[in-house]
Amino acid sequence: MLHDFILDLDDFKEIKKIGESQFQFFYLIREKKTNIYYTARINKSKNTDQVEQYQFLNEVKQYMKVKYPTLIKFYGYNLFSFDRRQLKTVIFEFTPNGSLANVFQQEPEKWTLTVRYIEILGIAL
């Protein structure tokens with residue numbers, strides 16, 4: 001089952017870097033056959049330690065289990081990056097407006113407690 005989600009990164013084209021955190025890079029990518037856009041999350045730490053690999057595969061298993069309409073969909077993973085370095089890569093659906101955290105941070109004065117509650121309730125249901 002885990003092997004069903006291994007993606008061949010040659011099937012994708014990197015479009016541009018769209019973000020970076022302390023531990024990860026985020027890229028906009030496009031599947032060559034379908035022209036569908038996705039987000040690639042590439043870990044900055046090398047994938048050489050067995051414990052790290054085990055933790056990463058457990059993380060992937062959790063992504064595989066989550067199937068909820070309001071959560072970003074998981075498509076697959078690879079133990080290497082697009083340039084063949086040992087950097088763990090996870091592919092998710094692309095959300096052009098960013099994450100929910102970005103939405104909440106954009107205009108906080110417009111997000112009253114009531115509006116936040118309604119949005120969070122909508123996500124939970």
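How many bridges pair β4 and β5, and in which sense? Keep that question in mind as you open the model, which is a predicted one. Select β4 and β5 together: the two strands pair over four bridges, in the antiparallel sense.

**Stop 1: the whole sheet**

Now widen the selection to every strand. You should see an open sheet of five strands, in the order β1-β2-β3-β5-β4, with antiparallel pairing. Look at the edges, where β1 (12–20) and β4 (74–78) stand; each has a single partner strand, so one side of each is left without a neighbour in the sheet. Turn the view and follow the twist: neighbouring strands are turned by 25 degrees against each other on average, direction ignored. As background, strands of a sheet pair through backbone hydrogen bonds, either parallel or antiparallel.

**Stop 2: along the pairings**

Begin with β1 and β2 (residues 24–31), an antiparallel pair with seven bridges. To find your place there, pick Phe12, whose bridge partner in β2 is Glu31. Then move to β3 and β5, which run antiparallel and are joined by six bridges. Here, select Thr39 and its bridge partner in β5, Phe92. Phe92 in β5 also has Phe74 standing opposite. While β5 is selected, check how covered the strand is: six of its seven residues are buried.

**Stop 3: the helix across the sheet**

Select helix α1, residues 50–65. This helix lies across β3 (37–46), β4 and β5 (87–93), and runs at about 165 degrees to β4.

**Stop 4: a group of rings**

The structure holds eight aromatic pairs. Show the side chains of Tyr63 and Phe74 to see a stacked one, with 5.6 Å centre to centre and 25 degrees between the planes. Tyr63 lies in helix α1 and Phe74 in strand β4, so this pair ties together parts that are eleven residues apart in sequence. Is each ring buried or exposed? Tyr63 is partly exposed, at 23% relative accessible area, while Phe74 counts as buried at 12%.

Keep Tyr63 on screen and add Phe92. These two rings meet edge-to-face, 5.1 Å centre to centre and with 90 degrees between the planes. Since Tyr63 belongs to helix α1 and Phe92 to strand β5, the pair ties together parts that are 29 residues apart in sequence. Phe92 is buried, with a relative accessible area of 12%. Add Phe5 to complete the picture: Phe5, Tyr63, Phe74 and Phe92 form one aromatic cluster.

**Stop 5: the nonpolar cores**

Which residues make up the largest nonpolar core? Select Leu7, Leu9, Phe12, Phe25, Tyr27, Ile29, Tyr38, Ala40, Ile42, Phe82, Leu87 and Ile91, twelve residues in all. At least two residues of this core come from each of β2, β3 and β5. Centre the view on Phe82 and look around: not counting residues up to four places away in sequence, Phe82 touches Leu9, Phe12, Glu14, Ile29, Ala40, Ile42, Thr89 and Ile91. Another core, of eight residues, lies apart from the largest one; among its members are Phe5, Phe56, Val60 and Tyr77. In soluble globular proteins, nonpolar side chains tend to be buried together.

**Last stop: a charge over a ring**

Finish with Phe25, one of the residues of the largest core. Show Lys44 as well: Lys44 lies over the face of Phe25, at 4.8 Å from the ring centre.

Definitions and conventions:
Residues are numbered from 1 along each chain as its sequence is written. This is a predicted model: local features need pLDDT of at least 70, side-chain atom pairs count only at pLDDT 80 or more; totals for chains, interfaces and linings use all residues. Side-chain values use heavy atoms; hydrogens and water are left out. Two strands pair if DSSP finds at least two bridges between them. Axes are lines fitted to C-alpha atoms, for helices over the stretch in contact, and angles run from 0 to 180 degrees between N-to-C directions. Contact means heavy atoms within 4.5 Å. Rings of Phe, Tyr and Trp (its six-membered ring) pair if their centres lie within 6.5 Å; planes under 30 degrees apart count as stacked, over 60 as edge-to-face and the rest as tilted. Buried means under 20% relative accessible area, exposed over 50%, partly exposed in between (1.4 Å probe, protein chains only). A charge sits over a ring if NZ of Lys or CZ of Arg is within 6 Å of the ring centre and within 35 degrees of the ring normal. A nonpolar core is a set of buried Ala, Val, Leu, Ile, Met, Phe, Trp, Tyr and Cys residues joined through side-chain atoms within 4.5 Å.
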